[in-house]
Amino acid sequence: MIGFENVRKEYPGGTLAVQDFSLEIASHESVVLVGTSGSGKTTLMRMINRMVDPTSGRVHIDGDDVTSLDPVQLRRSIGYVMQASGLLPHRTVLDNITTVPVLRGTAKREARTHAHELMEIVGLDAALAERYPSQLSGGQQQRVGVARGLAADPNILLMDEPFGAVDPIVRAELQRELQHLQRDLRKTIVFVTHDIDEAFLLGDRVAILRPGGIIAQVGTPQEILADPADDFVSSFVGADRGARTLHVERVDGRDVVVDADGRPAGVLAASGDRSAGEGAADGRTRERSS
Amino acid sequence: MTWVLANLDVIAGYTGSHLLQALPPILVAFLLSLPLAKLANSRGWLRTSVTTTSSLMYAIPSLPLFVLLPGLIGTGVRSPLNIAVALSLYGLALMVPAAADAFRSVNREVLGSATAQGYAPRARFLQVELPLAGPVLLAGVRVVAVSTISLVTVGGVLGVPSLGMLFVDGVRRGILAEIAAGIVATVLLALLIDALLVMLGRAVMPWTRRQGARTP
């Protein structure tokens, strides 16, 4: 479990990144911090692995105040995935994935064997093992980033806009695979993004942040959509534009779901193929409304 | 040509001592430039003054420096140490700004990511920052190497054995072939060392030579 207690972060020069933030994140839960730039979301996430220390307040992991832990050891115990530039450009794919286990003293051969398994899990061709990051596509780089984050089998995975730099089709694919991974691995995930659709897709709970790290609303995607706390949240999730208000129109004997602007969002699944389609209408809504 | 063939052993001897005088200052300049450049980069005002000092140092004419330095450090004019210190100073003047540029060329996001993975400060410097600064550092070392090899000849004027002795002696005795041999041998030596440095760079920085071969 990760806890934030009245956390405040002021930078020298007077910039107030986070005013007063409190949140509990349960083990095995995935929580998405979503907000525009200046909302302090990345600052908050970096407090968990002590890349940033709060000016006041407390961050604790399973009851331990993180400031009482050695930062280097702490970081090795927490997976960290960021945008493509985070890979070490002078290390091969395999060496990038084994970074943390090797830092922790795992024998190189053992780490490499495990890295090969991880490459398979995240959908990377084994032939890419000896390539350098610059020789990979953006999507492949992100997969390496995820594999590296998982390599030491951490309980906590921090993800800082990991899919922000890839094109929408690849992003959707990576998001879907992360969902599948999480179903098996059940890590505690803290995910930072500015994309509300990504937040709703990947978060068990979503915290929508105003500038200064103020929580506008925190809850499951369903709760937030059903009952936006205020105008800020409504506008953030697109409810005020009618993008989230869907109704059904009958076309050629099928139920077409249409948003308030009349944009078709998808087709309503018949009750029989709902499970097979994995919420097809649901998925389309997200693509169209972004 | 006949002069060259008749004096191959002399040329070889001078080449050897030339190299012995050039290599230590190149190494010293490289090693000392790393902490100095890190220090210079850590403060804005320091960086400007270091760059200015370096340019000024390089502007000092070499022959007077060779002559004046013994007075400052207490060695003889022809002492190898005198030459080595003077050449190291010139090397530093070139290398410190180059190394400062090299460290600034390293992507800060990558460094942040390395910290987030759990690199301790020293390991991060040695295993991430230094290798990533490598290509720009190498460019600096190549300039220092060529410049140092060329500057060693100045010692010849003072009577310190090096390829520079060939043109000093050649001028004095009016042997054109000897003057030419001195110049050509110096240039060839510089080119050889430069080529070796490039090969060394490719060997220790394999990621720089496999760029571009993207997968489809």
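## A walk through chains A and B

Among contacts in chain B that join residues at least 6 apart in sequence, 70% link residues at least 24 apart. That is our way into this predicted model, so let us stay with chain B for a moment. Chain B is made of 10 helices and 0 strands, and reading along its sequence gives the pattern α-α-α-α-α-α-α-α-α-α. Taken along the principal axes, the C-alpha atoms of chain B fill a box of roughly 65 × 50 × 20 Å. Chain B has 216 residues, and 34% of them count as buried.

A good residue to look up next is B:Pro121, which belongs to helix H7 (residues 121–152) of chain B. Is B:Pro121 buried or exposed? It has 10 C-beta neighbours inside 10 Å and therefore counts as exposed, since the cut-off for that class is 12 or fewer. You can also use B:Pro121 to get a feeling for distances in the chain: B:Val171 is 50 residues away from B:Pro121 in sequence, and their C-alpha atoms are 56 Å apart in space.

Now turn to the nonpolar interior. As background, nonpolar side chains tend to be buried together in soluble globular proteins. Here the largest nonpolar core has 107 residues, and the members that touch the most others are A:Leu33, A:Ile48, A:Ala147 and A:Val190. Helix H5 (residues 80–104) of chain B gives this core its largest share, 14 residues. A second core, separate from that one, has 7 residues, including B:Ile11, B:Tyr14, B:Leu163 and B:Phe167. Back in chain A, A:Ala147 is worth a closer look: once its neighbours within four places in sequence are set aside, A:Ala147 is in contact with A:Ile97, A:Leu118, A:Met119, A:Val122 and A:Leu124.

Where the two chains meet, the contact takes 20 residues from chain A and 20 residues from chain B. On the side of chain A that touches chain B, helix H2 (71–76) and helix H4 (99–103) of chain A each supply at least two residues. Sorted by class, this side of chain A has 10 nonpolar, 8 polar and 2 charged residues.

Chain A itself is divided into two parts, domain 1 (2–237) and domain 2 (247–289). The C-alpha centres of domain 1 of chain A and domain 2 of chain A lie 31 Å apart.

Our last stop is a sheet in chain A. It is an open sheet of 3 strands, with the order S11-S12-S13 and antiparallel pairing. Which strands stand at the edges? They are strand S11 (246–251) and S13 of chain A; each has a single partner strand, so one side of each is left without a neighbour in the sheet. On average, and with direction ignored, neighbouring strands of this sheet are turned by 35° against each other.

Look more closely at strand S12 (residues 254–259) of chain A and strand S13 (residues 264–267) of chain A, which pair in the antiparallel sense over 3 bridges. A:Val257 has A:Gly266 in S13(A) as its bridge partner, while A:Val258 stands opposite A:Pro264 in S13(A). The hairpin of S12(A) and S13(A) has 4 residues between the strands, and in this hairpin A:Gly262 takes a positive phi near 85°.

Note on methods. Residues numbered from 1 in each chain as written. Chains lettered and ligands numbered in written order. Predicted model: local features only at pLDDT ≥ 70, side-chain atom pairs only at ≥ 80, totals over all residues. Contact = placed C-beta atoms within 7 Å. Nonpolar A, V, L, I, M, F, W, Y, C, P; charged D, E, K, R; others polar. Domains from an automatic or database assignment. Buried ≥ 20, exposed ≤ 12 C-beta atoms within 10 Å, placed from the backbone. Pairing = 2+ DSSP bridges. Core = buried A, V, L, I, M, F, W, Y, C linked by C-beta atoms within 7 Å. Axes fitted to C-alpha atoms, helices over the stretch in contact; angles between N-to-C directions.
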